Amino acid sequence: MNDTNKYVVYADILSIFRSADALDWKSLRKSSVHRVMYLASVLFGFKFPEKDNIFSKYNFSIEKYVGPFSSDIEKGVNFLSKDEYLIPSGEEEPLYSLGTNAADQIFKEALVQARDEWLKLIVSILSLYGENKIYDFIFRDKEYQDAIKSNKTTGFDIGPENRTIQFLKGFQAAFEETLPQHSENVDATQYLELYFEYVFSKILKREN
Amino acid sequence: MSELDDVKKLFKAHKDDFALLADTERNEIANSFPLKKLVNIALPAFWGARVNQGTHFAFFLAEDELDKLALTEATTALDTCISESLKTHNCIYLAPDFSIVASKHLNLTRTLLESLSESGQIAIFFGETGIDIVVKGKFITNHNFFYNELDRAKYKRNFSMDQLPECLKEYERYINQPGVNEAFFCDRSLKKTLSDCPKNLLKYQAEKTLRDNLLEFLNLNTQYTFLKEAELNNQRELDLYTEADGKHYILEVKWMGRSIKSDNSGVSSTNYTNATIRNGVIQTLEYIREVIKEMNHNLHCGLLCVFDVRDEKTEIDYDDFKFLDEQKDLKPYYDQHFKALNKINLDCIA
């Protein structure tokens, strides 16, 4: 990873923590950072189908035991903790919170507004359900499920035609077909919110 | 039927509720982030813990102060002053910091709540079946389109990780019931053709059947998502694993008893006994070591779950775990991360 990319990773990670902090979500586990970033990557093409995926640099590997894993994020969180941009607490699965060094200006030059806003949206949706549910969302994610079932070795498809986006498009089409009178008032962000509510209903009903 | 057909059904079932999406002004209030978070996280816990959910009451919040809601104060206020006020009043007007502005007792009806919500106050009504929001004279009864408080309450009643022993007791009852029990065992007609056949003769690939059945039960009856067959770095596979409240667990499944041969021609010569289970302990400890030491991941606990399908059941003889004396490198993992669960007794009832 070159220096520019490194700073983008740091900026992304801090963006997640700042977004969470602003929502009174004061600390996150490292595994949650991997998962938030994975969801941000895999869902990006639904909201921005015409754009290249700005999160494509995260090469998430398929680790069944912990979920999607990116060594860049792992190194990023470790670096940020070492220099007190993040403060870990607890031992077994430490919780990280913003440190004294993590002022808004830090890594600002690497922080692109589009990345920041997208991460904010994903964090705000997830915060409605709480950190412990992120695991359940990941293991019900279509692209994740597909990769696990087919024992993919090439990593996840985060392109605009990945399995999650295919399902979301079907979800949107089902809404438009069933409720045409309401669909013109629903934008991509609301479909995403509805999708998360739908998956959450499956979590509550203990369905996969 | 595909999942998307089910989604269409859900959309149809909630048709009226989705009208909210078209009602921009109400939608903005009902979907405002602080209100949604309050209604999604703090209030269900409060409502769920109420002893008498038949007693109705309502909170009121000013529409134009939603952005100022101090959500971190909500839980404390709900547990203290608000709970105290509910002993005498059923309508509580709250400031954004959740201090009480006013409280009174009214004969709460649907019409009254609709009317009270027309003057810039959002009414949050706690009824028998859950929490309703009333905005600008209209009930938003299924604010969460796909689930309701009953689903949430049911989920809460599912077993937590601390209750795993009780969950497995429940599971033991479940698998010894007619209609479920038959799935594990060879049928009577087949057993009659075999010599020296035990009463409890499991089908071929018993471990897989038992594991998959347990997996399904755990996913339906606990609060967690259990998964199977995660490959470790050394190519070996975990039976089951999950994450509960941020803590990782693995669950190794073993069984004691007899099964049939792959071609159904006789009873398999392998008799799974106490020695099998002791090997299972070592295997579980090796997995724990692999995850923690080689893969550098966290692991809270490795659990060993044993199905006792022997005709004559006795306590599992772990030989006081003396066999670990020769496995010094595994001992720390046994001390800190291992737990053998109570065995699950299974008998053929046919």
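The exercises below work through strands, salt bridges, cysteines and the chain contact in a predicted model.

**Exercise 1. The surroundings of strand β10 of chain B**

Task: Determine whether strand β10 (residues 247-256) of chain B is largely enclosed or not, and say which strands it pairs with and in which sense.

Solution.
Step 1. Start with the accessibility of the strand: 9 of the 10 residues of β10(B) are buried, so the strand is largely enclosed by the rest of the structure.
Step 2. Turn to the antiparallel partner, which is strand β9 (residues 240-244) of chain B, joined to β10(B) over 5 bridges; within this pairing, Tyr241(B) stands opposite Ile250(B).
Step 3. Consider how the chain passes between these two strands: β9(B) and β10(B) form a hairpin with 2 residues between them, and Asp245(B), in the turn, has a positive phi of about 50°.
Step 4. Add the parallel partner, strand β12 (residues 301-308) of chain B, which is joined to β10(B) by 8 bridges; here Tyr249(B) of β10(B) stands opposite Cys301(B) in β12(B).

**Exercise 2. Two consecutive hairpins around strand β5 of chain B**

Task: Describe the pairing of strand β5 (residues 130-135) of chain B with β4(B) and with β6(B), and state how many of the residues of β5(B) are buried.

Solution.
Step 1. Burial is settled by the count, since 6 of the 6 residues of β5(B) are buried, so this strand is largely enclosed by the rest of the structure.
Step 2. On one side, strand β4 (residues 121-127) of chain B runs antiparallel to β5(B) and is joined to it by 5 bridges; Gly127(B) stands opposite Gly130(B), and the two strands form a hairpin with 2 residues between them.
Step 3. The pairing of β5(B) with strand β6 (residues 138-140) of chain B is likewise in the antiparallel sense, over 3 bridges, with Lys138(B) in β6(B) as the bridge partner of Val135(B).
Step 4. The hairpin of β5(B) and β6(B) also has 2 residues between its strands, and Lys136(B) takes a positive phi near 45° there.

**Exercise 3. Salt bridges within chain B**

Task: Of the 33 salt bridges that the structure holds over all chains, examine some within chain B, and establish which parts they connect and how accessible their residues are.

Solution.
Step 1. Take the pair Glu207(B) and Lys254(B), whose side chains meet at 3.8 Å, N to O. Glu207(B) lies in helix α10 (residues 206-221) of chain B and Lys254(B) in strand β10 of chain B, so the salt bridge ties together parts that are 47 residues apart in sequence.
Step 2. Compare the accessibilities of that pair: Glu207(B) is partly exposed, with a relative accessible area of 26%, whereas Lys254(B), at 9%, counts as buried.
Step 3. Continue in helix α10 of chain B, where Asp212(B) and Lys208(B) meet at 3.4 Å, N to O; being 4 residues apart in the helix, they are separated by about one helical turn. Asp212(B) is partly exposed at 21% relative accessibility, and Lys208(B) is partly exposed at 41%.
Step 4. Extend the view from this pair to the network of salt bridges that links Lys208(B), Arg211(B), Asp212(B), Lys228(B) and Glu229(B).
Step 5. Finish with Lys331(B) and Asp335(B), which meet at 3.1 Å, N to O, and are 4 residues apart in helix α12 (residues 331-337) of chain B, a separation of about one helical turn.

**Exercise 4. Cysteines and disulfides**

Task: Explain why Cys81(B) and Cys91(B) do not form a bond with each other.

Solution.
Step 1. Recall that a disulfide is a covalent bond between the sulfur atoms of two cysteines, and that the cut-off for the sulfur pair is 2.5 Å.
Step 2. The cysteine sulfur closest to that of Cys81(B) is in Cys91(B), at 16 Å, which is too far for a bond.
Step 3. The two residues also differ in accessibility, because Cys81(B) is partly exposed at 34%, while Cys91(B) is buried at 0%.
Step 4. As a check, a search of the whole structure finds 0 disulfides over all chains.

**Exercise 5. The contact between chains A and B**

Task: Characterise the contact between chain A and chain B by its residues, its buried area and its salt bridges.

Solution.
Step 1. The contact takes 47 residues from chain A and 54 residues from chain B.
Step 2. About 4700 Å² is buried between the two chains, and carbon and sulfur atoms give 58% of that area.
Step 3. The count of salt bridges between the chains is 6; one salt bridge joins Lys142(A) to Glu3(B), with the closest N and O atoms 2.5 Å apart.

Definitions and conventions:
Residues are numbered from 1 along each chain as its sequence is written. Chains are lettered from A and ligands numbered from 1 in the order in which they are written. This is a predicted model: local features need pLDDT of at least 70, side-chain atom pairs count only at pLDDT 80 or more; totals for chains, interfaces and linings use all residues. Side-chain values use heavy atoms; hydrogens and water are left out. Buried means under 20% relative accessible area, exposed over 50%, partly exposed in between (1.4 Å probe, protein chains only). Two strands pair if DSSP finds at least two bridges between them. A salt bridge is a side-chain nitrogen of Lys or Arg within 4 Å of a carboxyl oxygen of Asp or Glu. Contact means heavy atoms within 4.5 Å. Buried area is the accessible area (1.4 Å probe) that two parts lose on being put together, summed over both.
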